[in-house]
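Here are a few exercises to work through with the model open beside you. Try each task before you read its solution.

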Amino acid sequence: METAKRLEGVGEYYFSQKLREIEAINKAGKNVINLGIGSPDMPPHPDVIKTLYEEALKPNQHGYQNYKGNIVLRKAIAQWYKKWYHVILNADTEVLPLIGSKEGIMHICMTYINEGTLVLIPNPGYPTYKSAATIAGANVQSYSLKEENNWFPDFEEIEQIVNKSKSLPFGEVWRGCLMFVNYPHMPTGQLPTLDLFVELVTFAKKHNILICHDNPYSFILTEKPMSMLAVDGAKDVVIELNSLSKSHNMAGWRVGILSGNKERIDEVIRFKSNMDSGMFLPIQLAAAKALELGQDWFDEINQVYVKRRKKVFELLHLLECSFNKMQAGLFVWAKIPENFMDSYELSDKILNEANVFITPGGIFGDAGDNYIRVSLCSPEERINEAIQRIKDDISLPEVK
Ligand SMILES: Cc1ncc(COP(=O)(O)O)c(C=O)c1O
């Protein structure tokens with residue numbers, strides 16, 4: 001049996017391959033310190049786990065669930081958006097719980113993309129935007145984010161891409177455009193500004209673009225969380241993904257959120273309701289509990305990340321990398337020194353010689369080729385150990 005054409009150009013997810021490679025190295029007796037993936041290592045709040053446990057004990061909580069999500073969770077999501085982002089959402093019609101926001105990206109692509117629909121993705125950016133859009137048959141074009149432009153989009157460049165895609169032979173109809181945007185940005189850690197969000201909404205209105213704003217990092221190492229939906233009139237052109245994976249240490253639970261106007265939510269439900277049969281009710285009720293957590297919760301987890309980040313800065317200094325200290329999210333993004341050809345060379349060297357894994361920035365697009373990304377999801381002792389190994393085992397090559 002042949003694999004489907006739609007998988008052409010889509011390989012296995014980078015981390016799925018890499019984790020196998022690391023497992024093989026570990027089986028050979030090594031103990032790799034994995035500073036790659038952004039899966040929080042701390043547990044959710046005890047009340048969240050207690051809710052899951054108590055609800056799961058009840059005999060009547062185990063059936064298929066409503067495709068729109070339980071009303072308790074939808075109300076908790078609407079409350080959460082109001083409290084933290086000052087965005088008013090109708091709990092009945094404008095929110096949709098997702099089984100993870102990664103899955104949500106696929107649902108959105110399947111809902112809006114026809115063969116040849118223009119999809120704009122950030123370079124560097126989260127690799128799933130490209131693979132999901134490719135699988136759905138899109139004309140995927142990347143827009144570049146550059147350090148000298150604070151990793152913000154260059155609107156002139158994007159306008160050119162959009163105009164080019166609109167100039168079709170006579171009689172052909174433009175198939176529209178979906179644009180993925182993500183601030184705080186992964187992998188660069190760049191924070192958004194309200195001006196940037198306003199500019200994006202204005203641009204989307206001018207060109208009739210649907211923006212999907214992916215917002216899983218707004219509580220991690222930020223002063224205050226921001227939502228693109230807070231911009232006046234944003235719901236006309238923006239849908240927003242959110243997630244409990246990072247902000248509530250619930251990555252394995254698979255709880256995501258889609259917010260937007262009723263029409264968009266109904267459109268995505270048309271696809272999604274044919275794909276899954278709802279989320280386990282005790283998980284939904286526990287997620288609702290998590291969304292009630294206050295500032296103390298975020299302060300507590302961020303204090304840990306601040307300490308770890310200091311250690312990561314130390315590690316990056318050892319590798320002679322340069323970086324901005326004002327980064328949000330679960331990683332530190334840093335430029336590699338010139339004595340390496342690219343980030344893959346540096347990442348391989350550290351893995352092979354010191355048994356420490358750091359993600360090469362090139363996996364996020366070629367604009368990341370000269371950068372590496374270090375995760376904050378390992379305890380300080382583990383980062384210290386990585387520092388020691390790098391001190392002991394790595395000597396940096398001469399500048400080429
Ligand atoms: C930018 C970005 N979007 C989405 C996701 C997916 O998160 P979730 O666990 O909600 O699927 C990740 C996870 O690493 C991410 O970095």
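**Exercise 1: the setting of Asn 70**

Asn 70 sits in the loop between helix H2 (46-57) and helix H3 (71-85); helices here are DSSP runs of H or I with at least four residues, strands are E runs of at least two, and both are numbered from the N terminus. A quick note before going on: this is a predicted model, where local features need pLDDT of at least 70, side-chain atom pairs count only at pLDDT 80 or more, and totals for chains, interfaces and linings use all residues. Residues are numbered from 1 along each chain as its sequence is written, and side-chain values use heavy atoms, with hydrogens and water left out.

Task: work out whether Asn 70 is buried or exposed, and what it touches.

Solution. Start with accessibility: the relative accessible area of Asn 70 is 19%, so it counts as buried (buried is under 20%, exposed over 50%, partly exposed in between, with a 1.4 Å probe and protein chains only). Next, look past the neighbours within four places in sequence: Asn 70 is in contact with Leu 281, Gln 284 and Leu 285 (contact means heavy atoms within 4.5 Å). Then check the side chain of Asn 70, which reaches the backbone nitrogen of Val 72 at 2.8 Å.

**Exercise 2: backbone oddities**

Task: find which peptide bonds are cis in the loop that holds Pro 184 and Pro 187, then compare the settings of His 86 and Asn 249.

Solution. Go to the loop between strand E5 (177-181) and helix H7 (194-207), where Pro 184 is placed. Tyr 183 and Pro 184 are joined by a cis peptide bond with omega about -5°. Pro 187 is in the loop between E5 and H7 too, and the bond from Met 186 to Pro 187 is cis, with omega near 15°.

Now for phi. His 86 has a positive phi, near 55°, without being a glycine, and it belongs to the loop between H3 and strand E2 (95-98). Asn 249, also not a glycine, has phi near 55° and lies in the loop between H8 and strand E8 (256-259). As for setting, His 86 is exposed at 65% relative accessibility, whereas Asn 249 is buried at 5%.

**Exercise 3: the largest pocket**

Task: describe the lining of the largest pocket and say which element gives the most to it.

Solution. First, the volume of the largest pocket is about 670 Å³. A pocket is an open set of points on a 1 Å grid over the protein atoms alone, with protein on both sides within 12 Å along at least five of seven lines; a cavity is a set where a 1.4 Å probe fits but cannot get out; lining residues have an atom within 4 Å of a point. Second, 29 residues line the largest pocket, and Pro 127, Thr 128, Lys 130, Ser 131 and Ile 363 lie nearest its centre. Third, H5 gives the most, with seven residues.

**Exercise 4: the second largest cavity**

Task: list what lines the second largest cavity.

Solution. About 50 Å³ of space lies in this cavity. Both of the cis prolines from Exercise 2, Pro 184 and Pro 187, turn up in its lining, along with His 185, Met 186, Gly 189, Tyr 217, Ala 328, Gly 329, Leu 330 and Phe 331.

Methods: Grid points are joined across faces, edges and corners, and a volume is the space filled by probe spheres set on the points. A polar contact is a pair of N or O atoms within 3.5 Å; within protein, one must be able to donate a hydrogen and the other to accept it, and residues adjacent in sequence count only if both atoms are side-chain atoms.
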